[in-house]
Amino acid sequence: MTGGSVTGSGVVGRSGSERDPAGPAGPAAAGLEITTSAAGSGTAAGPGSAAGSGSGADGSGDGAEVGIAAGPGSGLGSGLGTRPGPVPAYTRPGAPQPKSELRRRLLALRRAGVLPDPTVLTERLFALPEVTAASCVAAYVGMADEPDTAEILTRLRARGVRVLLPVVRADLDLDFREFAGTLIPGAMGTREPPPSAPLVELAKADVVIVPALAADERGNRLGRGGGSYDRALTRANPGTPVIALLNDRELLGDVPAKPHDRPVTIIVTPTRIVRPAPL
């Protein structure tokens, strides 16, 4: 969570996020092979299926090989879509592949600079009535390969909203501390409030904003594989909105989930707001 530096008044964002570039930073940079379906839409023949945020069992190959279909507005191979389009659908052309491979390819796209405009995501997030009404929000500091959340944190605090940020524990579970404008280096490249910041139960949060690499319209979420948020979200109050911030191409047709995986209830992309039906 290295997405911003800190001043006395809040988080200062990264030097800027790029819209999806055409060319080398597109799907080919991540090893996605572009094919064409019978309907004429591009399909990226990607690797294995992916469950929520994982449980440490990723890489077991418990899904089928998948592809990510590129429709209008999906952002795959044609830059960041400027108008809504159909949700990408999976194809299943081959043998099972480890879901860790899908993570690798999605992360490769992000690390090539394929990140959504943080200003657009921020405006769409703050248009949600759940966020407008919240007095306490659990969020996160975006790492370099995640959407920049600096503006979100700054605006929440400017509204007088209590902001909670995660602290990674030795067992990969999460504690949450109140954010008062100061961050220190945390585990695995994250940034977090200092030990002097008060610990706050996640059940206090009216809204939880979570990192994700992908999600589908059912709310199944693909995380980094450690299961940290799956464990932490069991301690949120039932019915608390859980929001994922994604690029358009990361809204997939199918992210298979296991019973322990915790879904998201709202997905925000630069062109869409998706509210999955309860599972």
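## A walk through the predicted model

Start by selecting helix α1, residues 99–111: at 1.5 Å a residue its 13 residues should span 18 Å, and the end C-alpha atoms are 18 Å apart, so the two agree. The expected span here is 1.5 Å times one less than the number of residues. Helices (H or I, at least four residues) and strands (E, at least two) are DSSP runs, numbered from the N terminus.

Before moving on, a word on the ground rules. This is a predicted model, with pLDDT of at least 70 needed for local features and 80 or more for side-chain atom pairs, while totals for chains, interfaces and linings use all residues. Residues are numbered from 1 along each chain as its sequence is written, and side-chain values use heavy atoms, with hydrogens and water left out.

**Still on α1.** Colour the buried residues of the helix: K99, L102, R103, R105, L106, L107, L109 and R110. Buried means under 20% relative accessible area, exposed over 50%, and partly exposed in between, using a 1.4 Å probe and protein chains only. Now show the side chains of R104 and E101, which form a salt bridge with their closest N and O atoms 2.5 Å apart. The rule for a salt bridge is a side-chain nitrogen of Lys or Arg within 4 Å of a carboxyl oxygen of Asp or Glu. R104 and E101 are separated by about one helical turn, because they are 3 residues apart in α1. R104 counts as partly exposed, at 43% relative accessibility. Just after the helix, click on G113: its phi is positive, near 100°.

**Next, α4.** Pick R155 and E151, both in this helix, 4 residues apart, about one turn. Their side chains meet in a salt bridge at 3.9 Å, N to O. R155 is partly exposed at 25%, and E151 is partly exposed at 30%. What does the charged end of R155 sit over? Add F126 to the selection: the charged end is over that ring, 4.4 Å from its centre. To count, NZ of Lys or CZ of Arg must be within 6 Å of the ring centre and within 35 degrees of the ring normal. R157 has a similar arrangement to show you, with its charged end over the ring of F179, 5.3 Å from the centre.

**From R157 to G181.** These two are 24 residues apart in sequence, yet 8.8 Å apart in space, C-alpha to C-alpha. G181 is in the loop between β9 (174–178) and β10 (184–185), and counts as buried at 3% relative accessibility.

**A salt-bridge network.** Select D171 and R169, whose side chains meet at 3.1 Å, N to O. Then extend the selection: salt bridges that share partners join R169, D171, D173, D175 and R235 into one network. In all, the count comes to 17 salt bridges.

**Last stop, a small group of strands.** Show β14, β13 and β16, which in that order make an open sheet of 3 strands with mixed pairing. The edge strands are β14 (221–222) and β16 (251–252), each pairing on one side only. Strands pair if DSSP finds at least two bridges between them; 2 bridges join β13 (residues 214–216) to β14, and these run antiparallel. Zoom in on A215, which stands opposite R221 in β14. Finish with N220, in the loop between β13 and β14. Is N220 buried or exposed? N220 is buried, with a relative accessible area of 7%.
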